[in-house]
Amino acid sequence: MSFTTLDFAVFISIVFLLYWFLFNSLKRQNTLILIASYVFYGWWDWKFLSLIIISSLVDYLIGMGLGRTKHNLKRKMLLYSSLATNLGILFLFKYFDFFLDAFKVLFSIQSTPFQAIDVVLPVGISFYTLQTLSYTIDVYNKKIKPHHDIVSFFAFVSFFPQLVAGPIERAANLLPQFGKERVFSYEKAADGMRQILWGLFKKLFVANHCAIFVTEVFTSFGDQQGSTLFIAAIAFTIQVYCDFSGYSDMAIGLGRILGFNLTKNFDYPLFSRDISELWNKWHITLISWFRDYVYIPLGGSRKGKIRKLLHILAIFTLSGLWHGAHLTFVLWGVLHGIAFLLHIIWRERRPRGQVARNGFLPSCVEVFQMIRTFLIFAVINIIFRIDTFDDGLNFILEMFSLSFFSVPYLPDPALGVGCIILFSVEWLQRNKNHGLEMNSQKTKGTIRWSIYFSLILLILFFSAPGSQFFYFQF
Amino acid sequence: MKLFLSKLLIVIIPVGILLVTMEVLNRRNDGSSIYIQNEYFLENSSKLDGLVFGSSYMWCGIQPQYLDGNVASFALEGSALNIDYSIFTYAKEVSRPKFVLLDASKTYLINYRTPNFIKSVRLPYYFPTIKASELTGYFLTEIPLNQYFPLETSPNYDQWGYQPEIPEEWNVFKKLDYQDSLILNHPRMEALYTFVKGNIRADKTKENLDLYRRILKECLDKNIRIIFVSTPKYHLFNRYVDGLHLDEREAFMEEVVDNEHVFFLNYDTLYEKNSQLFFDVNHLNNEGSIQFTKVLNSDLTSILN
């Protein structure tokens, strides 16, 4: 069930009414969230529900076990059991065929004792695996205590607003919220609705229009002018941003309606002035997960500069592999890692604070920095969208050929309108939590309602026919 | 909570009214050929002599108004036997035709349609035998709504759902001045050949032959004569299809045709050198269609009498 479908509108209306009117005790609300989350997930394929249940059960039991024993070796064994189960399931469903193929190519062999399993990737597996792993690792490191309430723990792992595409929540943030009495707050719910509306606009209007143009150009890139390829590369990065951050906005908004505070996942990354700032603002919950559970345990910056650079490259490569079992994703991660390392090596003075913090408009230097960062990001992202490394290389070579100066084939003007609205609103709101955050007392009702209805009418009348959320494939 | 819900209703009610209105308008203004064909069928169901099923070959090739007797067409652009079988199942319950004309073009046997196609031509709204569960949505209306404006009924179909004036972009032959050398090198030829070749699957052909048999059996059970018809194609297409060795049709016809209840009328090569009668390599234009329907009518008269 996707957030942008009528099915979901009916589903959330029922859940909302039951949640606040009938299931008004904490235990009942948590039970309802658990049932609703399983229905939500089962709507795609109920068979894969068993994977979430296995993952939840294993980590619940291991968490309890870690709480009971102080014996170091036993604790380690328990941690490894959790890692083996969760990463094993992930490996089997997501990476087995990829590594089998790689093994065959690497050793030039035709057949192995193993056959490719060729199974459909369970939606959201990469997201909830990291979420549940963070719980076990934090319990192991004694950062949090084991959770005893099985219903709320299962609800934490499968919490439907963020189950299939994040934000990837930490147990330390989300689990305690399942234990606290939730009281309906008008301000919180209204703000959640605004954030959902902004997410819908980003997905249905901007991302979907981008997707049509991007698909058209990328599938026939050999026949396109360099200038068209350049616009398509930019459009693709805007598509991914609006698609994914739009989903995160909807997830966070839904969480707020149900009384939860989910972690911010995007912090206006397209206004970043350098690569390092961009990666602090893009897919925040994934990057911070890799920082806390991979980069720091590897030694982080404590083991000398060379090791630090290697650790950074490792987490970018891992992040690429996390996105998909395909060499282009790995390469995408490596290239971003190299861009990040180059930035560190030749670091200029790091920008401090928010962009244009002294005024409404950015300085000329900031404009240059933002464009430069965006372009580097967009060019590397080509490899994220293309099928093979060769195609990616050809695409980039063609893009920067002489035909770069030819008249481009332009997308639907609606895309231009969408981008103007997107960048204007996000620029104005860059210090706020989301594009439509506003103070009901300070902003006149007529202005607020005009904004709501304008966005709704734009979505209803001029959005582009839907494509699935881009990050569902991961 | 009351304040929140009441404000939410301020948004939901107008949006709901807008969407419901659009849904009603869309259902009333359905401009698809199948809607018009079904209207004709329902109005004449008690007095129909014949029914036509098939793909765009039959839709573009046969104009029921030039056939003797009262004939309704369900031939549909892009159709396939799995679709036609469902429509046939519905039509034979509602009417008592004396004969059925069924597409027997060689490349028709490789067609198979998915739920996406079924949704795009809105079949479940008209034919209860096509399951609504095959739809990916329950409503005709989808956002963006601007696609439905201006609200207009249809291209100029006649009352049988035939479209005498086809869109300019379809008319490849006219654009290429009806010249073989230009037609042969046109990118659409390559695209068509790639499409045809890419669609050939032994399992689908076998499924289609099974569907032929089922239709045949159900027709014979109800004493309905069945006439397999392969409409005229242009020689460039015929030669290409010859090269694909799609021999299943001939074998099937040899097996079932008895020239008493089951007939096979093969017009593949009837006009194959006359480019003026086609708008592309496998579809007759309006003039070709009128000429062909008259020929077919004459043959049908001799068969059926």
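A:Thr373 sits in helix α14 of chain A, residues 364-385, where helices (H or I, at least four residues) and strands (E, at least two) are DSSP runs numbered from the N terminus. With 2% relative accessibility, A:Thr373 counts as buried; the labels used here are buried for under 20% relative accessible area, exposed for over 50%, and partly exposed in between (1.4 Å probe, protein chains only). Leaving aside residues up to four places away in sequence, A:Thr373 touches A:Ser272, A:Arg273, A:Asp274, A:Ile275 and A:Leu278, a contact being heavy atoms within 4.5 Å. The model is a predicted one, so local features need pLDDT of at least 70 and side-chain atom pairs count only at pLDDT 80 or more, while totals for chains, interfaces and linings use all residues. Residues are numbered from 1 along each chain as its sequence is written, chains are lettered from A and ligands numbered from 1 in the order in which they are written, and side-chain values use heavy atoms, with hydrogens and water left out.

Helix α9 of chain A offers two more buried spots. A:Ser227 lies in this helix and, at 7% relative accessibility, counts as buried. Its contacts, not counting residues up to four places away in sequence, are with A:Ser403, A:Phe404, A:Ser406, A:Val407 and A:Pro408. A:Ala232 is in helix α9 of chain A too, and its relative accessibility of 0% puts A:Ala232 in the buried class. With the same sequence neighbours left out, A:Ala232 touches A:Phe213, A:Val214, A:Val217 and A:Phe218. The C-alpha atoms of A:Ala232 and A:Phe218 are separated by 7.5 Å, the two residues being 14 apart along the chain.

Next, the empty space. Rolling a probe the size of a water molecule over the atoms shows where such space is left. On a 1 Å grid over the protein atoms alone, a cavity is a set of points where a 1.4 Å probe fits but cannot get out, and lining residues have an atom within 4 Å of a point. Grid points are joined across faces, edges and corners, and a volume is the space filled by probe spheres set on the points. By that reckoning, the structure has seven cavities of 30 Å³ or more, and the largest cavity holds about 90 Å³. Its lining is made up of 15 residues, with A:Lys202, A:Asp249, A:Phe266, A:Asn433 and A:His434 nearest the centre. Two elements of chain A, α8 (186-219) and α9 (226-257), give two or more residues each to this lining. The largest share, five residues, comes from α9(A). By type, the lining of the largest cavity splits into four nonpolar, seven polar and four charged residues, taking Ala, Val, Leu, Ile, Met, Phe, Trp, Tyr, Cys and Pro as nonpolar, Asp, Glu, Lys and Arg as charged, and the others, Gly among them, as polar.

On the domain level, chain A is divided into domain 1 (6-183) and domain 2 (187-273 + 351-473), with bounds from an automatic or database domain assignment. The centres of the two domains, taken over C-alpha atoms, are 29 Å apart. Across the boundary, 24 residues of domain 1 of chain A are in contact with 18 residues of domain 2 of chain A. These domains bury about 1800 Å² between them, with carbon and sulfur atoms giving 70%; buried area is the accessible area (1.4 Å probe) that two parts lose on being put together, summed over both. On the domain 1 side, A:Pro161, A:Ala165 and A:Pro167 lose the most area to domain 2 of chain A, together 27% of what that side buries.

As for the two chains, their contact takes 21 residues from chain A and 19 residues from chain B. Chain A and chain B bury about 1800 Å² between them, 84% of it on carbon and sulfur atoms. A:Tyr186, A:Leu460 and A:Phe461 supply 35% of the area that chain A buries against chain B, more than any other three residues.

Chain B has a few backbone details in its loops. The loop between α5 (115-120) and α6 (172-175) of chain B holds B:Tyr125, which counts as partly exposed at 23% relative accessibility. The C-alpha atoms of B:Tyr125 and B:Met189 are separated by 34 Å, with their positions 64 residues apart along the chain. B:Pro144 is placed in the loop between α5 and α6 of chain B, and the peptide bond leading to B:Pro144 from B:Ile143 is cis, with omega near 5°. B:Asp177, in the loop between α6 and α7 (180-184) of chain B, has phi near 60°, a positive value in a residue other than glycine. B:Asn223 has phi near 60° as well; B:Asn223 is in the loop between α9 (202-221) and β4 (225-230) of chain B and, at 58% relative accessibility, counts as exposed.

Methods:
On a 1 Å grid over the protein atoms alone, a cavity is a set of points where a 1.4 Å probe fits but cannot get out, and a pocket is an open set with protein on both sides within 12 Å along at least five of seven lines; lining residues have an atom within 4 Å of a point.
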